[in-house]
Amino acid sequence: MSGDFIFANPASQHSEGKQARKIINQTKTFLYDFFHTNEKEFNLFFHSGATEGLNTVIHHYASRSQKENRPLILAYAQGDHPAVVETCRTQNAIQFILKRDTNGDYLHEENLSELKQLKSQNPDALILYHHLWVHNELGVVSPLSEVKRFKEIPDLFMSVDAVQSPGKHYHYRELENTFDYYTFSAHKFGALKGIGFSFSKMGNNLSPFMLGGGQQNKLRSGTENVMGVYSIKLALEDLQKIDLGDLLHKKSIVEDKLRGWLKGKGGIVADKARHRSLNTIYFYLTNLTSDIAVAMFDLSGLEISAGSACSSGAAKESEILLSLGYKEVAKNGLRLSLGFQFSQEELDHLLKTSEVLFPKIP
Ligand SMILES: Cc1ncc(COP(=O)(O)O)c(C=O)c1O
């Protein structure tokens, strides 16, 4: 350790190495407490972020289905994050696409009965069900209590993409202990980039995605990112102090105004969803694709994201807009996310700038 910088390898047996190990262990204890669970229920391991965490789970079931010579059903929705969709699509598995209604809410009844039927046709099948707790574009929150019933289906493993959950709704610390996996990317709530973590149900014997030194009880090889791990604890301690009610209040002010500004020019997507996040508004402008709109907002000092963009920055059709039936404006999705520290000054700036900008939009 030099100053506050934890430099040593946590596998080293010297005192600095032990200090690094201690920091990892303290963060693990903190995370179990923070999410109201414990090490009897779940293994907890760190990784580079949710893309890796989600891939680990999917690949585990792909290889288990091969080893046990059983079919694999992968259940997920169109418009889920590509870390899930692209990985599932490349597996030799039955793809079961979960349906959402036009508000972005899952059609649980329909999904449950169709999945049960599929399982009865494939009685040996393993099922990996991906539940997107908070949708990254829409900001729709899908409570865990609503998908609990899927666990009635035999051989179904529930994997929750919890990336957008921390700080985005009131119940983000309440994990459902009967579910199998929860995957987080810590940069989404203020920790360093390149660090994430997963809870993996004890007894599922998750196999590692990468082989190597067998760190983290063989769940994830590779030297642990001690500073990254430490930053998770710091970020969640800060997040705990955020007044989420105030965030929602500010979002509602913006959203009420936006409804007016968008009249005849666009609309808010998932406005009528049953549960929505505290900070995200997803909308479209009928006559502007998102790449043009983002540049326009940016020139006015407003940072708004395109719902979906190519690496070149050009607008591309958003899978979630397509799946909700917004074909005509599928390239026009825009996401306005209020940061956890969104201040009154930022709110005033947003409102003042938008008052001038929106009338200019065709
Ligand atoms: C819902 C969701 N899942 C998965 C990911 C992938 O996370 P990462 O890019 O940190 O690996 C993201 C990233 O934005 C996300 O929003």
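This briefing covers one beta sheet, a helix packed on it, and the internal cavities of the structure. The model is predicted. It contains an open sheet of seven strands with mixed pairing, and two cavities of 30 Å³ or more.

**Sheet**

- The strand order is β1-β7-β6-β5-β4-β2-β3.
- The edges are formed by β1 (42-47) and β3 (94-98), each of which pairs on one side only.
- On average, neighbouring strands of this sheet are turned by 20 degrees against each other, direction ignored.

**Edge strand β1 and helix α1**

- Strand β1 runs antiparallel to β7 (residues 196-201), and six bridges join the two.
- His-47 stands opposite Gly-196 in β7.
- Helix α1 (residues 15-34) packs on the sheet and touches β1 and β7. The direction of α1 makes about 125 degrees with that of β1.

**Largest cavity**

- The largest cavity holds about 40 Å³ of space.
- Its lining consists of Val-254, Leu-258, Trp-261, Phe-283, Phe-297, Leu-302, Ile-304, Leu-336, Leu-350, Ser-354 and Phe-358.
- Two or more lining residues come from each of α6 (244-261) and α9 (344-357), and α6 gives the largest share, three residues.
- By class, this lining has 10 nonpolar residues, one polar and no charged.

**Second largest cavity**

- About 30 Å³ of space lies in the second largest cavity.
- The residues that line the second largest cavity are Asp-80, His-81, Val-84, His-130, His-131, Leu-132 and Asp-161.
- Strand β4 (residues 126-132) supplies the largest share of this lining, three residues.
- The lining of the second largest cavity divides into two nonpolar, three polar and two charged residues.

Definitions and conventions:
Residues are numbered from 1 along each chain as its sequence is written. This is a predicted model: local features need pLDDT of at least 70, side-chain atom pairs count only at pLDDT 80 or more; totals for chains, interfaces and linings use all residues. Side-chain values use heavy atoms; hydrogens and water are left out. Two strands pair if DSSP finds at least two bridges between them. Helices (H or I, at least four residues) and strands (E, at least two) are DSSP runs, numbered from the N terminus. Axes are lines fitted to C-alpha atoms, for helices over the stretch in contact, and angles run from 0 to 180 degrees between N-to-C directions. Contact means heavy atoms within 4.5 Å. On a 1 Å grid over the protein atoms alone, a cavity is a set of points where a 1.4 Å probe fits but cannot get out, and a pocket is an open set with protein on both sides within 12 Å along at least five of seven lines; lining residues have an atom within 4 Å of a point. Grid points are joined across faces, edges and corners, and a volume is the space filled by probe spheres set on the points. Ala, Val, Leu, Ile, Met, Phe, Trp, Tyr, Cys and Pro count as nonpolar, Asp, Glu, Lys and Arg as charged, and the others, Gly among them, as polar.
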